Amino acid sequence: MNSVDDVVASIKSGPSGPAVAAIFDFDGTLIEGYSATALYGHRARNFQIGPDELVRTVIAGLRGTPDEAGFTDLMERGIRGWAGRTEDDLLELGEQLFAGEIGGALFHDAWRLVRAHQNRGHTVVIASSATRLQVAPMARELGIEHILCTELESAGGIITGRIAGRPLWGGGKAAALRAFTDQHGIALDACYGYANGNEDIPLLSNVGHPHTVNPQPSLARHADEKGWPQLTFATGPGILDPFPIIRTAAMFGSLFATAGVGVVAGVLTSNRRIGVDLATSLFGDIAGWLGNINVVVTGEDRVWSQRPAVFFINHQSTLIDALVTARILRRGYTVVAKSEVRQMPVIGQMFDLADVAFLDRSSTSKAISALQSATEKLRSGVSIAMAPEGTRSMSPKIGKFKKGGFHLAVDAGVPIVPIVIRNAGEIMWRNANTAREGIIEVVVHEPVPTAGWTRADIDRWLPRMRQLYIDTLDDWPGTRAGDEWSKAIADAPGVGD
């Protein structure tokens, strides 16, 4: 077995430029499991699966990997019911499935490989037997331009219920890859390939740098014979494993329990801040222990070097990000949350008790008013933790930074402390119901002072800080990015220049 770190290092030291291609299978390679599961679930809920298709699907699953003819027959039976629907309808369905299920199945290690290839300027391609509606949203999220997939026949934008051309299964996928490389002037021996299925042996046999990912039995045996690198991506627990549910319930329970302890402490001391600090500190420790989640922090001393401060945290998972924030910051802080959270039963009341600054984004004036409240908290010595992206991301990709947190720090005259979380979404995705056990890695970078900043300073530092997060995740733990960040701070001109 090979490690992802080894492959990433090999990519970084290898040739660069678009003449090198990286071909990623989708189901089981970029994402855990199969996107068809989400699609079948949608169709079943809407009574769109007939008995004949259901029986044939079950039989096909029991028989194992079908040949190309068998896959074609199975797929055509599945898409007949789409006849008469528009292409736009199906693409919209794909977006819904991505937001609800498929997006959360992304392998973090697969994302790392995609980013490594993109940073070398390689031509990155998704090659999948799935349809465009299943693949396109993830390709967009990951910034992958090229998609080779099984296309649906249409006439005037209306789906006919038939496959257009040859499906990308087995030899069909290999043929599509050869046509793509010929069209783009890419040599096959300069291609990296990543796949998991037995049917992908022809694809991987065509590329110069084949890699298997959690390979199925026949592919694993073939890889052993050929000496192909084999990667193992961490997968989630089985559907019959009760422990993730138990752990997650215990973590939520600890949130309520520690909040209760905090309320009692606040009442007994007549000091709400003491109660809030006790509750958050206890939650960070107890929830992590109950969930078997270990938080490993690089640069933790920087959390305490300058307070109060505005702490920027990239945001993927509400529960896990709250755990990480409590574990690192521990006391003397509150958070900025969307005003909608205030209306949630129990949670809203708990956040009120915790002196959370609620941000109403329905209008500019209400948002400014909420930030003024947060500014007063900073001036009173209470730090603020917030997501500069404004909302949870659908992948580890760093979204666009908003200016609110920068204005908040400038108005209060406090520093901004960048905190980069590597894999919170892998532990518990934004729409997941349960959390996985594991290790969450965090880097705290050097605080940047904002006293005396002007709007021009904000405009200058905002893209620089966002790039710090991108570079840190791309080259973890971001030592080089951190050094360049510290140098930029040291070399910054006088305040307001």
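## Exercises on strands, patches and backbone

In this predicted model, Phe312 stands opposite Met386 in β12. Local features need pLDDT of at least 70 and side-chain atom pairs pLDDT 80 or more, while totals for chains, interfaces and linings use all residues. Residues are numbered from 1 along each chain as its sequence is written, and side-chain values use heavy atoms, with hydrogens and water left out.

**Exercise 1. Find the strands that pair with β12, and decide whether the faces of β12 are covered or not.**

Step 1. Locate β12, which spans residues 383-386. Helices (H or I, at least four residues) and strands (E, at least two) are DSSP runs, numbered from the N terminus.

Step 2. Look for partners; two strands pair if DSSP finds at least two bridges between them. Strand β9 (residues 310-313) runs parallel to β12, with 3 bridges. Strand β10 (residues 333-338) also pairs with β12 in the parallel sense, over 3 bridges.

Step 3. Name the contacts. Met386 faces Phe312, and Ser383 is the bridge partner of Tyr333.

Step 4. Check the faces. In a regular strand the side chains alternate between the two faces of the sheet. Ser383 and Ala385 lie on one side of β12, Ile384 and Met386 on the other. All four residues are buried, so both faces are covered; buried means under 20% relative accessible area, exposed over 50%, and partly exposed in between (1.4 Å probe, protein chains only).

**Exercise 2. Work out which strands stand at the edges of the 7-stranded open sheet.**

Step 1. Write down the order: β4-β3-β2-β1-β5-β6-β7, with mixed pairing.

Step 2. Read off the ends. β4 (158-164) and β7 (230-231) each have a single partner strand, so one side of each lacks a neighbour in the sheet.

Step 3. Inspect one end. Strand β6 (residues 209-213) and β7 run parallel and are joined by 2 bridges. Here Thr212 stands opposite Gln230 in β7.

**Exercise 3. Describe two surface patches, one charged and one nonpolar.**

Step 1. Take the charged one. Glu87, Asp88, Asp89 and Glu92 gather in a patch of negative charge. Patch residues have over 30% relative accessible area and no salt bridge; like charges are joined within 9 Å, nonpolar side chains (Val, Leu, Ile, Met, Phe, Trp, Tyr) within 5 Å. A salt bridge puts a side-chain nitrogen of Lys or Arg within 4 Å of a carboxyl oxygen of Asp or Glu.

Step 2. Place one member: Glu87 belongs to helix α5 (residues 87-100). At 34% relative accessibility, Glu87 is partly exposed.

Step 3. Turn to the nonpolar one. Val263, Val267 and Leu353 together offer about 260 Å² of accessible area (Shrake-Rupley method, 1.4 Å probe). Val263 sits in helix α11 (residues 243-269) and, at 38%, counts as partly exposed.

**Exercise 4. Locate two cis peptide bonds and two non-glycine residues with positive phi.**

Step 1. Recall the background: most residues other than glycine have a negative phi, and most peptide bonds are trans.

Step 2. Find the cis bonds. Arg307 to Pro308 is cis, with omega near 0°, and Pro308 lies in the loop between α13 (302-305) and β9. Trp476 to Pro477 is cis too, with omega near 5°; Pro477 lies in the loop between α19 (455-474) and α20 (479-491).

Step 3. Find the positive phi values. Ser270 has a phi of about 55°, in the loop between α11 and α12 (272-290), and is exposed at 70% relative accessibility. Asn292 also has a phi of about 55°; its loop runs between α12 and β8 (293-298), and Asn292 is partly exposed at 44%.

Note on methods. Lys and Arg count as positive and Asp and Glu as negative; His and the chain ends are not counted. The place of a charge is taken as NZ of Lys, CZ of Arg, CG of Asp or CD of Glu.
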